[in-house]
Amino acid sequence: MNLAAVEVVREPAIGARHAPARVALLGTGTVGSAVLSRLASWEATPFERRVRLVHVANSRHAVSERSGLAPAEASQRLALAPQHGTLEAVDAALHGDGVRVVIDATASEIVAERHAHWLAQGIHVATACKIGQGTSLSRWRAIRTASALGGAGYGDSATVGAGLPLLRSLRELREGGDRIHAIAGVLSGSLAWLFNHYDGMRPFSALVRQARDAGYTEPDPRDDLSGEDVRRKLLILARTAGVELEADDVAVSSLVPQALAILSKEALDGALPALDAPLRERFATAYKHGEKLRFIARLQDGRARVGLESLPSDHPLAGGAGTDNRVAIWSDRYPDQPLVIQGPGAGAQVTAAGLLDDVLRLSAR
């Protein structure tokens, strides 16, 4: 079996008619709530007939209705549900024939471990969670194998770039016979925002607090500043490009000094100024050379690394604004001037849209 050739999702034929796909949504946080909102906006449109929400769950409650749950009422129904959600309840809600899809809008290790199980049962999975494909190589391979055995698709476009056509572009290049020579990019919306706004004058720690309070970073900003999230995204890109790296193969240069790394979450806020002096020095050096600081993920010659870099102002990755992701791809057809893909790389709405795009593609298979 050629695991690298396993199809993930395909575009539906224009005008095709489909029986509604039965959908289970796991996670009702920021992204999950945006999924429900987008589903509710489809009322009285052709898209409404493409999906039927039959199960919604979070870490506390679950609600199922085989005839369908109204997305606009799902959160209220869930809050009133007495039962604790279980993964077995997902299987029960999706039992039977027809197209079935799990939307994983969690960041749960336990849910990610279940992806291969659902795929092997013929249940499609659309996910924004990077734990499935961005951690151990064995789990990545298990997902590919289960997808092939169960004839189910794995919708992963929201795992990197919040739905930007990054993974799809890599797959289409390879399907067209291209070899991927290198990939480099700004893959973190939160780190993009920080370094697009940092001017070397305002303390970096103040920007981190602002980004955290605005929801751009995780509640513990060390999750972003450590580069671990970017490592997972680079692993997904590398494996999609045909370079099957283990997690330890990626060299990560964290922005978090050891003194901050060992602190409790409660003690972190008061210690954030420890970031200021090192970042001010690096900014001053970059500014002196007319360059810009960007947190970059790189894959070249089978080697991968993640860390802060000083780039010439006209570099393909030095531009962008806000939370934009910006990724350059060098391949046989783009050997010198890379293909550059840019767009919002963070945000609940764009992530939810990416998830539901995958659901529509999967339901048309």
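Here are a few friendly notes on the strands and helices of this predicted model.

1. Residues are numbered from 1 along each chain as its sequence is written. In this predicted model, local features need pLDDT of at least 70, side-chain atom pairs count only at pLDDT 80 or more, and totals for chains, interfaces and linings use all residues.

2. Let's start with strand S2 (residues 51-57); strands (E, at least two residues) and helices (H or I, at least four) are DSSP runs, numbered from the N terminus. Six of the seven S2 residues are buried (under 20% relative accessible area, 1.4 Å probe, protein chains only), so S2 is largely enclosed by the rest of the structure.

3. S2 has neighbours to look at; strands pair if DSSP finds at least two bridges between them. Strand S1 (residues 21-26) runs parallel to S2 through six bridges, and Ala 24 has His 55 as its bridge partner. Strand S3 (residues 62-64) runs antiparallel to S2, with three bridges, and a hairpin of four residues links S2 to S3. Ala 57 stands opposite Ala 62 there.

4. Further along, six strands make an open, mixed sheet in the order S8-S10-S9-S7-S11-S12. Its edges are S8 (250-252) and S12 (339-344), each pairing on one side only. Within this sheet, S7 (residues 180-186) and S11 (residues 324-331) are antiparallel and share six bridges, with Ala 182 opposite Trp 330.

5. UniProt lists residues 165-360 as "domain: Homoserine dehydrogenase catalytic" in an unreviewed entry (positions in the numbering used here, feature names shortened, annotations possibly inferred rather than shown by experiment). Over residues 165-360 the chain is 42% helix and 22% strand, and the end C-alpha atoms are 15 Å apart.

Note on methods. Side-chain values use heavy atoms; hydrogens and water are left out. Buried means under 20% relative accessible area, exposed over 50%, partly exposed in between (1.4 Å probe, protein chains only).
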